[in-house]
Amino acid sequence: MVLRKMNLIVAVASNGGIGKNNDLPWKLTKEFRYFVNTTRRLEDASKKNAVVLGRKTWESIPPTMRPMKGKINVIVTSQKDFVAEGKDVYVVHSLQEAQELLSTPPLADKVETIWQVGGASLYQEAIEKKLVDKLYLTKIRKEYDADVFFPKYNEEDFVEISDPHVPEGVLEEDGVEWTHHVLQMK
Ligand SMILES: NC(=O)c1ccc[n+]([C@@H]2O[C@H](COP(=O)([O-])OP(=O)(O)OC[C@H]3O[C@@H](n4cnc5c(N)ncnc54)[C@H](OP(=O)(O)O)[C@@H]3O)[C@@H](O)[C@H]2O)c1
């Protein structure tokens with residue numbers, strides 16, 4: 001079986017922070033909409049995208065907003081008795097199991113893009129094991145108090161590419177600026 005690679009998507013503060021008290025450290029509506037739109041985009045409307053997420057990131061989503069609508073939601077946890085309700089929700093016990101689930105029928109044929117949406121240890125594992133196709137990285141130009149940080153990675157493992165769907169230049173909301181980047185893993 002050939003295991004499918006995944007795209008990572010993350011927004012990172014200038015001090016590396018990505019989370020605080022199991023929530024985002026910021027409220028940037030426009031940046032959040034970018035996340036929703038990017039992970040929703042499909043070439044083939046008969047397919048769906050998948051999101052792979054750690055148990056804490058799953059729990060950070062308000063119950064009324066999970067599972068993420070229109071997507072296959074795959075939650076990674078070590079808890080063998082973990083239960084998550086909802087349409088198109090799967091619980092797995094390793095990142096490899098998530099990849100296997102999404103690389104074999106019936107889901108392999110249904111899923112267009114696998115988006116791994118955090119948190120920190122899943123990002124780290126995907127980068128270290130080179131399971132990444134592209135890294136969709138938002139660089140927020142402000143420091144935030146955080147208790148979860150994006151892992152250090154070797155910039156030489158990636159090359160920046162352009163994606164016509166990704167806005168260029170500096171974006172801003174309430175005085176906070178950020179830029180979007182797409183990095184292809186070599
Ligand atoms: N800025 C962003 O773009 C962004 C994106 C995503 C999340 N976040 C933020 O990041 C924080 C959550 O991230 P986090 O790093 O604390 O937690 P997380 O990665 O979402 O969840 C950690 C949990 O996932 C499970 N897990 C992770 N790797 C596993 C593996 N290889 N095998 C089995 N289970 C595994 C474990 O669950 P069990 O303990 O149940 O075994 C672990 O405790 C929140 O603050 C969230 O808002 C930010």
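## A tour of the ligand and two pockets

Start by selecting D23: a polar backbone atom of this residue is 3.0 Å from an oxygen atom of the ligand, a polar contact being a pair of N or O atoms within 3.5 Å. The protein covers 83% of the 930 Å² of accessible area that the ligand has on its own (Shrake-Rupley method, 1.4 Å probe).

A quick word on what you're looking at: this is a predicted model, where local features need pLDDT of at least 70, side-chain atom pairs count only at pLDDT 80 or more, and totals for chains, interfaces and linings use all residues. Residues are numbered from 1 along each chain as its sequence is written, and side-chain values use heavy atoms, with hydrogens and water left out.

Next, pick A11, where a polar backbone atom is 2.9 Å from a nitrogen atom of the ligand. Then hop to H93: here a polar backbone atom is 3.5 Å from a nitrogen atom of the ligand.

Now show the whole shell, meaning residues with a heavy atom within 4 Å of the ligand. You should get 27 residues, and the closest are R55, T57, T77, S78 and Q79. Colour by class and you'll find eleven nonpolar, eleven polar and five charged; Gly counts as polar, while Asp, Glu, Lys and Arg are the charged ones. Turn on the α5 helix (120-128), since α5 supplies the largest share of the shell, five residues. β1 (6-12), β2 (17-19) and α2 (55-60) also supply at least two residues each (helices are DSSP runs of H or I, at least four residues, and strands are runs of E, at least two).

Zoom out to the space around the ligand, which sits in the largest pocket (more than half of its atoms lie within 2 Å of the pocket's grid points). That pocket has a volume of about 1400 Å³. A pocket here is an open set of points on a 1 Å grid where a 1.4 Å probe fits, with protein on both sides within 12 Å along at least five of seven lines; lining residues have an atom within 4 Å of a point. To find the centre, select L24, T57, S60, I61 and V117, the closest to it of the 43 lining residues. Then highlight α1, which gives the most to this lining, with six residues.

Last stop: the second largest pocket, with a volume of about 410 Å³. Select L137, K139, F150, Y153 and E155, which lie nearest its centre among 17 lining residues. Strands β7 (132-140), β9 (158-161) and β11 (176-185) each supply at least two residues of this lining.

Terms used:
A polar contact is a pair of N or O atoms within 3.5 Å; within protein, one must be able to donate a hydrogen and the other to accept it, and residues adjacent in sequence count only if both atoms are side-chain atoms. Grid points are joined across faces, edges and corners, and a volume is the space filled by probe spheres set on the points.
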